[in-house]
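Below are my notes on the structure, set out as numbered points. Please read them alongside the coordinates.

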Amino acid sequence: MSAWAVPGIPEIVSGNDLTVVIVAAVVSDSGDELSGGLQDGDILTVTSKIVSKAEGRSVQAADREQAITDETVRVVASRVNATGVTRIVENRLGLVMAAAGVDSSNTSDGTVLLLPLDPDATARQLCRALRERFGVRLGVVITDTVGRPWRMGQADIAIGAAGIRVLDDLRGTVDASGRPLAVSVTAVADEIAAATDLVKGKVGGLPVAVVRGLAHHVTELDAVGARSLVRIGADDMFHLGTKEAWLAGFDEANKRLARSHDTTFEED
C-alpha cells in the first residue's frame, strides 16, 4: 500500500465545486491529462473541512456554543476545564465527538466550521463524478479528526464514504493458526482515513490524498457508507460518561425508592 497527498488544492470557499478543484489538482500533480495519474482501485480521502467550506457551513466564532447546541442530539459528557466547558456529544450525524465536530482550526479568523450536511451523499457524488472523469473504478472517503476514549491524541476517521467496503467482516473465517474468528470486523474506512492523515497532516494545506494498493476494498457506488460505522442502540455500551451515568442511576434509584417507600436519598 502507498499513500500520498495531492498538492495544489487552493483555499476553498462557499460554492466551490470540489470535483472540479480535485480534478485540476490531480491532473496537475501527475501531468497526465488522460488519467490524472489515477488507477483502478485507488481511493481518495478528502478532509471534511473543505467539504464544509464548499457547503458554506461557516458561522461566527461568537456563535460557537449555540452552534454546538444546535448540532447536538444527545450530551454524553460535560466537563469544566481551565478554558471553559468541554461537551462530548452525539451530533446529528450520529457521531460522538467533542463540541459536535464544530471546529476553529484551518478556517478564517472569527469563524468556526460545522461538519458537512451529509458526508456519505457528498462522497457518493464525488466518487461518481471522479469515476466518470478519469474512467477508473475508485473510492472516496471523507475524513474528520476525533479524540478516542481511553487513548491519548487524536486520529482521523471516516465520516463519509462511497465506492469502498467500509467494514471487512472476517467472522466465520479462520486465523493463521486455523482458529475460527468470531468477532473480527476490520474498520477499513477508518484505517484508510488514519493512514492518509499521516501524509496530509494538519498544517500543510494538503486536504486530499490518494491510497493505492487496496483495490480489493473498492466496491460499487451503492455500498453502505460511513454512517454504518456508528455504534448505536443496544450495541452502545458507553451511552454516557461515568459521572453522567452515576447521576442518572442515582436519580433513578431515588425515584424507585420514592414510589416504594415515599422517601428519598440526598446526594453527598
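1. Setting aside residues up to four places away in sequence, threonine 111 touches Ser58, Val59, Gln60, Ala61 and Ser104. Threonine 111 belongs to strand E7, which covers residues 111–113. Its relative accessible area is 13%, under the 20% limit, so threonine 111 counts as buried. Please keep in mind that this is a predicted model.

2. Which groups does the side chain of threonine 111 reach? One is the side chain of threonine 107, in a polar contact of 3.1 Å. Another is the backbone oxygen of serine 108, at 2.7 Å.

3. Lysine 49 is part of helix H2. Is lysine 49 buried or exposed? With a relative accessibility of 13%, lysine 49 falls under the 20% cut-off and is therefore buried. The side chain of lysine 49 makes a polar contact with the side chain of aspartate 103, at 2.8 Å. Apart from neighbours within four places in sequence, the residues in contact with lysine 49 are Asp103, Ser105, Asn106 and Leu113.

4. Asparagine 106, one of the residues in contact with lysine 49, sits in the loop between strand E6 (96–98) and E7. Its phi is near 55°, which is positive although the residue is not glycine. The relative accessible area of asparagine 106 is 47%; this lies between 20% and 50%, so the residue is classed as partly exposed.

5. A positive phi in a residue other than glycine also occurs at tryptophan 150, where the value is near 70°. Tryptophan 150 is located in the loop that links strand E8 (139–148) to strand E9 (151–162). At 70% relative accessible area, tryptophan 150 is over the 50% limit and so counts as exposed.

6. How does the span of helix H1 compare with what its 13 residues should give? H1 runs over residues 18–30, and at 1.5 Å a residue the expected span is 18 Å. The C-alpha atoms at the two ends are 18 Å apart, so the model agrees with the expectation. The expected figure uses one less than the number of residues, because that is how the span is defined.

7. At the start of H1, the backbone nitrogen of threonine 19 has a side-chain oxygen of aspartate 17 within 3.0 Å. Threonine 19 is also among the buried residues of the helix, which are Leu18, Thr19, Val21, Ile22, Val23, Ala25, Val26 and Val27. These buried residues pack against two strands, E2 (43–47) and E12 (208–212), and two helices, H2 (48–54) and H4 (119–134). H2 is the helix that holds lysine 49.

8. For the chain overall, there are 6 helices and 12 strands. The C-alpha trace spans about 80 × 55 × 30 Å along its principal axes. Of the 268 residues, 40% are buried. Among contacts with a separation of 6 or more, 62% are between residues 24 or more positions apart.

9. The accessible surface of the chain is about 14,800 Å², and carbon and sulfur atoms contribute 54% of this. The chain carries 27 positive and 37 negative charges, and the mean positions of the two sets are 2 Å apart.

Conventions. Residues numbered from 1 in each chain as written. Heavy atoms only, no water. Helix = DSSP H or I, 4+ residues; strand = E, 2+ residues; numbered from the N terminus. Buried < 20%, exposed > 50% of the residue type's maximum accessible area, 1.4 Å probe, protein only. Contact = heavy atoms within 4.5 Å. Polar contact = N/O pair within 3.5 Å; in protein donor to acceptor, adjacent residues only side chain to side chain. Areas by Shrake-Rupley, 256 points an atom, 1.4 Å probe, with all protein chains shown as cover. Lys, Arg positive; Asp, Glu negative; His and termini not counted. Charge placed at Lys NZ, Arg CZ, Asp CG, Glu CD.
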